[in-house]
Amino acid sequence: MKLNVGSGLVREEGYVNLDLDVEMKPHVVGEALLLPFKEGVFEQVKALHLIEHLPYRLQVQFLKECHRVLKDEGELFLEFPDTELCMERFLNNYKGQRDWWLVCIYGGQNSKYDFHHSPVIWDTLERDMYGIGFSIVKKQLNDYRGFARVFAKKVEPPTDKFGGKEVVL
């Protein structure tokens, strides 16, 4: 089975689509921070433009929940605005699209769920994922839109060290 967390109106074929907003009519109405599934049931968890909607400490909790519901060697796929790139492009009015870069930074703010609470910073995300027990397989950047993608695998949790420093989660 595959899980699409924060599905919104997107119905991914072959996925259990979960969203907090009942108006999105997902397969399952539920919290990303407390996924209503047993441990180790999904081969893949996908979360497109979800993690930036969570405060930082809750981003870590969400990643732990993904790890919990994934099978061993299960895949995690995240997509989110690359905060540093979007801020740089906003400041430089890249391609005259200052309003687009504002939406990437702050969210569309068209509903109570459409606010970006915390930036996603690459090195912090990598550290947190490693500390939880993910191995990053691939990182991509959609340079035109400013979106980043991370593909990771669930692995045995490492020691509490990352680059010689303790990971505090």
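Strand 2 pairs with strand 3 (residues 28-29) in the parallel sense, over 2 bridges. Within this pairing, aspartate 19 stands opposite valine 29 of strand 3. Strand 2 also runs parallel to strand 1, to which 3 bridges join it. Here leucine 3 has valine 16 of strand 2 as its bridge partner. Both faces of strand 2 turn out to be covered: Val16 and Leu18 are buried on one side, and Asn17 and Asp19 are buried on the other.

These details come from a predicted model, so a word on confidence is welcome at this point. The mean pLDDT of the protein is 91, with 92% of the residues at 70 or more. Among the elements, strand 1 (residues 2-5) has the highest mean pLDDT, 98, whereas strand 9 (residues 165-166) has the lowest, 48. Over residues 161-169 the pLDDT stays under 50, and for this stretch the model has 18 contacts beyond four places in sequence.

Attention now turns to the interior. In soluble globular proteins, nonpolar side chains tend to be buried together. The largest nonpolar core of this model holds 32 residues, and Leu3, Val5, Phe62, Leu76 and Leu78 are those with the most contacts inside it. Two or more residues each are given to this core by strand 1, strand 2 (16-19), strand 4 (42-48), helix 1 (56-69), strand 5 (70-81), helix 4 (122-132) and strand 7 (147-154). Helix 1 provides the largest share, with 5 residues. Apart from this core lies another, of 6 residues, which includes Cys86, Trp101, Ile105 and Phe147.

Leucine 3, already met as the bridge partner of valine 16, gives a helpful view of the surroundings. Leaving aside neighbours within four places in sequence, leucine 3 is in contact with Tyr15, Val16, Leu18, Leu35, Phe37, Phe42, Gln44, Val45, Lys46 and Val69.

Helix 1 also offers a polar residue worth a look, for glutamine 59 has its place there. Glutamine 59 counts as buried because its relative accessibility is 5%, below the 20% cut-off. Polar atoms of its side chain lie 3.1 Å from the backbone oxygen of isoleucine 51 and 3.2 Å from the backbone oxygen of leucine 54. Not counting residues up to four places away in sequence, glutamine 59 touches Ile51, Glu52, Leu54, Ser118, Pro119 and Val120.

The aromatic residues complete the picture. The structure holds 6 aromatic pairs. One of them, formed by phenylalanine 77 and phenylalanine 151, is stacked, at 4.6 Å centre to centre and with 10° between the planes. This pair links distant parts of the chain, since phenylalanine 77 belongs to strand 5 and phenylalanine 151 to strand 7, 74 residues apart. The two partners fall into separate accessibility classes: phenylalanine 77 counts as buried at 11% relative accessibility, while phenylalanine 151, at 26%, counts as partly exposed. Elsewhere, ring pairs link Tyr94, Trp100, Trp101 and Phe147 into a cluster. Two members of that cluster, Trp101 and Phe147, are also among the residues of the 6-residue core.

Definitions and conventions: Residues are numbered from 1 along each chain as its sequence is written. This is a predicted model: local features need pLDDT of at least 70, side-chain atom pairs count only at pLDDT 80 or more; totals for chains, interfaces and linings use all residues. Side-chain values use heavy atoms; hydrogens and water are left out. pLDDT is the predictor's confidence in each residue, from 0 to 100. Helices (H or I, at least four residues) and strands (E, at least two) are DSSP runs, numbered from the N terminus. Contact means heavy atoms within 4.5 Å. A nonpolar core is a set of buried Ala, Val, Leu, Ile, Met, Phe, Trp, Tyr and Cys residues joined through side-chain atoms within 4.5 Å. Buried means under 20% relative accessible area, exposed over 50%, partly exposed in between (1.4 Å probe, protein chains only). A polar contact is a pair of N or O atoms within 3.5 Å; within protein, one must be able to donate a hydrogen and the other to accept it, and residues adjacent in sequence count only if both atoms are side-chain atoms. Two strands pair if DSSP finds at least two bridges between them. Rings of Phe, Tyr and Trp (its six-membered ring) pair if their centres lie within 6.5 Å; planes under 30 degrees apart count as stacked, over 60 as edge-to-face and the rest as tilted.
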